[in-house]
Amino acid sequence: MKNVRLGLIAALFTLAPVSLPANAQQVLPRPEAKFTGKIGRYWEDSEPGKMPVIKAPAGAPNILFVLIDDAGYGQAGTFGGAIPTPTLDRLAEGGLRYTQYHTTALCSPTRAALLTGRNHHSVGTGVVTELATSYPGYTGSIPKSAAMVSEILRQNGYNTAAFGKWHNTPDWETSASGPYDRWPTMQGFEKFYGFMGGESGQWQPALYDGVNPIELEIPKGREGHYTLNDALADKAIEWINEQKSVTPNRPFFVYYAPGATHAPHHVPKEWIEKFKGKFDQGWDKYREETFERQKKLGVIPADAKLTPRPKEIPAWDSLSAEQKRIACRLMETFAGYTAQTDHEVGRLLDALKQIGQLDNTLVFYEMGDNGASAEGSPSGVFNEMAVLNGVKEDPSYLIAHLDEIGGPQAYNHYPVGWAWAMDTPFQWTKQISSHFGGTRNPLVVFYPQKIHDKGTIRTQFHHCIDIVPTILEVAGIQQPTMVNGVAQKPIEGVSMAYTFDDPKAESKRHTQYFEMFGTRALYHDGWIAATRHNKVPWENQPPSNFNNDKWELYNVNNDFSEATDLSEQNPEKLKALQDLFWVEAAKFSVLPLDDRFVGRLDPTTRPSLIAGRTSFTYLPGVVRIPESSAANVKNRSHTIEADVVVPEHGAEGVLAAAGGVVGGWTLYVKDNRPIYEYNYLTVDRYKVASSETLSPGPATIKFDFDYEGIAPGRGGIGKLFVNGRKVGEGKIDKTIPGRYSADETFDTGMDTGSPVGSYASPFPFTGTLKAIKIQTAQEQLTEDAQRAVESVRKTIMRVSE
C-alpha cells in the first residue's frame, strides 16, 4: 500500500499545472502588423493600407468582477444571512449561485490568485506584503511571469479599470518614489481609483487616481452621508459611461473591489438604524436561524450539520448586559455597511442596464475574499488600532461613544462571535485556511447570453484561481505564453464555464491545497484533510511545532460543513492526503511552512526606504508618505524641526503630521502659536503648546522628545522651542508602540485624510514652510522589550489583510 501511495504521489508531482492547449497560445504584445499597401516614390503612385487596430474577439462580453472584503458564507441574505442583499439576489435569480467556491483565507493572497489565475504562493503572495520574506512563495511581489488578467484583456482589445482596494503592491513600493510597475496602472489597468493598502476608512480615505494622491470629493449637501462606497460607484459609472460613449463596441473589464466589508465598519447612520434590534438574539441564535434559512434556500444540503461553537469563542449568554449592548451596536453597524455596499453595486448594475449593456456583461459577484474577520477581539472595539497595539478598551469607553460607532471618529470592528456567526454553517473564520469558515465564499455568476439555466445552484468544487481561465474562455482569448517579453507560468486554474449549462457536470477541479500562517488543508476528490495548527486570529501565538499538529479528515461529498471528523476511522485516507499536501506544497512554492508573526514583522527582512536612517529632511509639499516609509519616531527620543517664514498677519496650519483620527502626532500652528499634539489611540490626547505667539519673519520651530526607558510604548518629556528659546514643555504619559494607523500617512504642510489633532483636515499652513527635519535616536530595546514591541507590531499584519 505504501509503495502504491508513493508511486501515486510521484506521478502527481510530475504533472504540469493546468493550462490551455498548446495550440491556443500567443505572445503579447502581438508582433507589429505588416504594411499591406503599396509604396512608390511619391504619394501619387503609392497606395495606403489600413492602419491596424487591436479589437477584442467577436462577441467578447463586458466583464464586471465585484469582490467584497471580509464577508462570510452566512452574511448575505442571498445565501441565508440576515442582511438583505437585493442586488446579489437579482443577479442570482438571473444567474448561478456557487456553493463550493473557495478563497485563500486572506485578502492579498486571494486577490493575487484571482487576478493571475495562479495559486497565491505561486505568485509570491503566501501572506500580505507587510510580512514578506525572501522565500519564493512569500516575497510580496507578484512576478512578471504571472501577468494579471487585466493586462491580457487590455492587449486583446479591452478597456480596463480598477476601483477600490488594491493591496497587491509591495509595501516598500507604495510611496511617491515608486517604482510604479506593480501599481494597478502598470498591471494592465488603464484606470485606477482607490486605495493602495489593506484597509481604509470610508469617511476620509487616502485615495489615488492612477498614481496621484487625491482626496475624497464630497458633493455639496451630502456631508455626513457620502462615503467611499458612494464615490466608488460614482467613479465606476462615470468611467463606463465615458468608454461606451466614445467606443460603444469595445468591451470593458472592471475590477470593482470596494474594500467593504473590511474594518473599519464605516457607514452613515441611516443605514445603521435600519438594523436596530435585529441582532439582539446574539450570535449563537443567529447561527441557528441562518442555518435554517440556508436549508430552505438550498445553499446547503438538507442533511448538512451546524458545526458547534469553538471553546475559544464566548457564548452569547455569558456576556453582561453592557457587553451585549456594545456587541449589538457593532453588528448593526456591520449589517448597515454590508447593505450599503450591496446597494452601491446595484447602482452600478442599474447604470449598465440604462445604457443597454447589462445583458452583454459577464458579472462575477464574490461575497468575500476570505471568511468574516475575527480580528475585532472577543468583545469588539471602538478603535481597532487600540486593540492591535495591545491596549484594551474599557467597556465604559465604548458605551460612552456608542453613538459615534460607524462615524468618522470611530474605527470600529465587531466581536469574534459575530464573525463566527457570519461564517455559518462552518467552523472558524478569516485567516484559518484549514476550515471552510476561512475559505468558502458565496459566488454568483450572471451572464444572460450564455447562462440559460437561470436561478439555479452549482455545487462543483472551485477556487479563486479558476476565475481567470473562465474569463479567457468566455471572451475567446488565448492564454499567452509571453507577456511584455517575459515567459509566462502556466495558469493553474481551470475554467468554470463548463458548469454554466450543466448543473450535474463532474467537477474539473480535483485537487486544491490551502495554507495560511501554518493552518493548512488538502482537498482531493471529495475528501479534505485539515489542521488548524493551534491558531486563532485574535491572538498572537508563538511559533509551534508543526509535527505536533492534530489533523482532521472530512468526506465533504457527504459532509458539507466539515462537521464529522473521520480521521480515527480512516487513518490511511488521512495519511494519503497529508502526503499529497507535501507534493502540492513543493509544486506551488508553499515551503517552507512558516507560522511566525514576530520574526516576519522584522522590517530588516524586506527592502526599506528608511532602514538605518536617523536623519530625515522633507521639502515643502511632501504628502502621503506611507507610515512604513516615513521617519520612525516610535519608542525612541527624537526631534522634529520646522523652518518657516511667518507672514505679517500671523500664520496657522499643520507643519507636519503622522497618522489620523485613530492615533498619531502633529505639529501645527493655531492662533499663531505652535502646538505639538499626541493622539494616543483616541483615548487620550497630550498637548505641548507655546506660551508665545510667533513673530513675523523666519522662524525655526522645534519639538524635542526625551523618551523614558527602553520598553515600548513608554512616555517622555516634550519640549517646544522657537528660534532656540524654550516656549513650552509637557509630559506625554504614553505613546503608541506599534503602528498609528492602517491607512493614514505622513504629511508636511497639511494633514491629509482624517485629522490627527484638534482641527479639521487638511488645515494647510498659511505661512511659508521651507523644510521639516526629523532626527531620531536608534531604537535601543532589551531583548525582552524588542520581543514585546514586535508583538505589538502584529498590527502591520492584522490591519493590512
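A strand here is a DSSP run of E with at least two residues, and strands are numbered from the N terminus. The structure is a predicted model. This briefing looks at one buried residue, one helix and two sheets. Start with Phe-192, which sits in strand β6, residues 191-195.

**Phe-192 and its surroundings**
- Is Phe-192 buried or exposed? Phe-192 has a relative accessible area of 1%. Buried means under 20%, so Phe-192 counts as buried.
- Phe-192 touches several residues that are not its close neighbours in sequence, leaving aside those up to four places away. Among them are Ala-162, Gly-164 and Trp-166. Pro-184, Thr-185, Tyr-208, Asp-209 and Gly-210 are also touched by Phe-192.
- Take Trp-166 as one case. Phe-192 and Trp-166 lie 26 residues apart in sequence. In space, their C-alpha atoms are 9.2 Å apart.

**Helix α8**
- Helix α8 runs over residues 321-354, which makes 34 residues.
- What span should α8 have at 1.5 Å a residue? The expected value is 50 Å. The end C-alpha atoms of α8 are 49 Å apart, so the two values agree.
- Of the 34 residues in α8, 24 are buried, so the helix is largely enclosed by the rest of the structure.
- An α-helix has 3.6 residues a turn, so residues three or four places apart point the same way.
- Gly-356 follows α8. The phi of Gly-356 is positive, near 75 degrees.

**The sheet from β21 to β26**
- This open sheet has 6 strands with antiparallel pairing. Their order is β21-β30-β23-β24-β25-β26.
- Which strands stand at the edges? They are β21 (625-626) and β26 (684-689). Each has a single partner strand, so one side of each is left without a neighbour in the sheet.
- Strand β25, residues 673-680, pairs with β26 over 6 bridges, in the antiparallel sense.
- One bridge links Tyr-680 to its partner Asp-684 in β26.

**The sheet from β20 to β29**
- This is also an open sheet of 6 strands, and its pairing is antiparallel. The order reads β20-β31-β22-β27-β28-β29.
- At the edges are β20 (615-618) and β29 (725-734), each pairing on one side only.
- On average, neighbouring strands of this sheet are turned by 15 degrees against each other, direction ignored.
- Strands β22 (residues 638-646) and β31 (residues 768-776) form an antiparallel pair over 8 bridges.
- Which residue in β31 is the bridge partner of His-638? That partner is Thr-776.

How values were computed:
Residues are numbered from 1 along each chain as its sequence is written. This is a predicted model: local features need pLDDT of at least 70, side-chain atom pairs count only at pLDDT 80 or more; totals for chains, interfaces and linings use all residues. Side-chain values use heavy atoms; hydrogens and water are left out. Two strands pair if DSSP finds at least two bridges between them. Helices (H or I, at least four residues) and strands (E, at least two) are DSSP runs, numbered from the N terminus. Axes are lines fitted to C-alpha atoms, for helices over the stretch in contact, and angles run from 0 to 180 degrees between N-to-C directions. The expected span of a helix is 1.5 Å times one less than its number of residues. Buried means under 20% relative accessible area, exposed over 50%, partly exposed in between (1.4 Å probe, protein chains only). Contact means heavy atoms within 4.5 Å.
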